[in-house]
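Colleague: I have a model open and some labels to check. Can you take me through how each one is earned?

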Amino acid sequence: MKILLLEDDTALAHILVDYLEDDYEVVHTYSMQEALLLAENKQFDIYIFDINVPDGDGISLLKELRAFHDETPVIFITAFQDTKYLKSAFESGGNDFIKKPFDLEELSQRIDNLKRHFGLDALIEIGSNMVFDTKTHTLKTDAKLFTLTHRESACLHYLYKNRHRVVSSDELLQNFWEFDEMPSDDAIRTIVKNLRKHIGKEHIVNIRGEGYKFE
């Protein structure tokens, strides 16, 4: 798992990076603008954003990312006690927050909670008797083992992580192909068709004119 950390407090940032790097790949920046560029050009599993940084704030950053359909789960770090900031954090699309000073174990528990909720663990239960292994790109039932292509695996994982909403074909194309090699919508339809053969049509629903939703 890869985490993007936006934190301008040098001492706290060093502590967090040292702690998190035992289990995750961590990319740290002090700047909102650099965080925006990193988020636009790299794939991250979780964002940890300080609300107040010198060149902006984590809430404005998240609003901009959400406007471009970036649904990466976010934990906000804040020193503010005023509830209006927490309200703004959630309204911008935040998923959790932690107030300074905090215990590192508390942060770890909040990360684990997001992992469970958004399907970020390596093994994901698809239905009642099927396990999806995101690392080996396999689907396993009691009787069979199916190996997915990398794009089929990535598509299934993306739909699962975003199962609370409809995902358009354009969004899937933009996530799994470079701009100069982007194919037609037929490529997504083929991938979805293949996935449905393995996991059942009821799990990936075609929302006519909008896209696909994992059920």
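Modeller: Start with pairing: two strands pair if DSSP finds at least two bridges between them. Strands (E, at least two residues) and helices (H or I, at least four) are DSSP runs, numbered from the N terminus. This is a predicted model: local features need pLDDT of at least 70, side-chain atom pairs count only at pLDDT 80 or more, and totals for chains, interfaces and linings use all residues. Residues are numbered from 1 along each chain as its sequence is written, and side-chain values use heavy atoms, with hydrogens and water left out.

Colleague: What makes β6 and β7 a pair?

Modeller: Strand β6 (residues 74-78) and β7 share 4 bridges, in the parallel sense. At least two are required, so they pair. One bridge joins threonine 78 to lysine 99 in β7.

Colleague: Why are β2 and β7 at the edges of the sheet?

Modeller: The order is β2-β1-β3-β6-β7, an open sheet of 5 strands with parallel pairing. β2 (25-29) and β7 (96-99) each have a single partner strand, so one side of each lacks a neighbour in the sheet.

Colleague: Why is α6 called roughly perpendicular to α8?

Modeller: The axes of α6 and helix α8 (residues 185-199) come within 10 Å and cross at roughly 75°. Axes are lines fitted to C-alpha atoms, for helices over the stretch in contact, and angles run from 0 to 180 degrees between N-to-C directions. Under 35 degrees counts as roughly parallel, over 145 as roughly antiparallel, 65 to 115 as roughly perpendicular, and the rest as oblique. The angle falls in the perpendicular range, so the label holds.

Colleague: Which residues make that contact?

Modeller: Arg151, Glu152, Cys155 and Leu156 of α6 meet Ile191, Asn194, Leu195 and Ile199 of α8. Contact means heavy atoms within 4.5 Å.

Colleague: Is leucine 148 buried or exposed?

Modeller: Buried means under 20% relative accessible area, exposed over 50%, partly exposed in between (1.4 Å probe, protein chains only). Leucine 148 has 5% relative accessibility, so it counts as buried. Leucine 148 lies in the loop between β11 (145-147) and α6 (150-161). Beyond four places in sequence, its contacts include Phe132, Leu156 and Leu195.

Colleague: What makes a nonpolar core?

Modeller: A set of buried Ala, Val, Leu, Ile, Met, Phe, Trp, Tyr and Cys residues joined through side-chain atoms within 4.5 Å. The largest has 24 residues, with Leu156, Leu172 and Ile199 among those with the most contacts inside it. Apart from it lies another core, of 20 residues, including Leu36 and Phe44.
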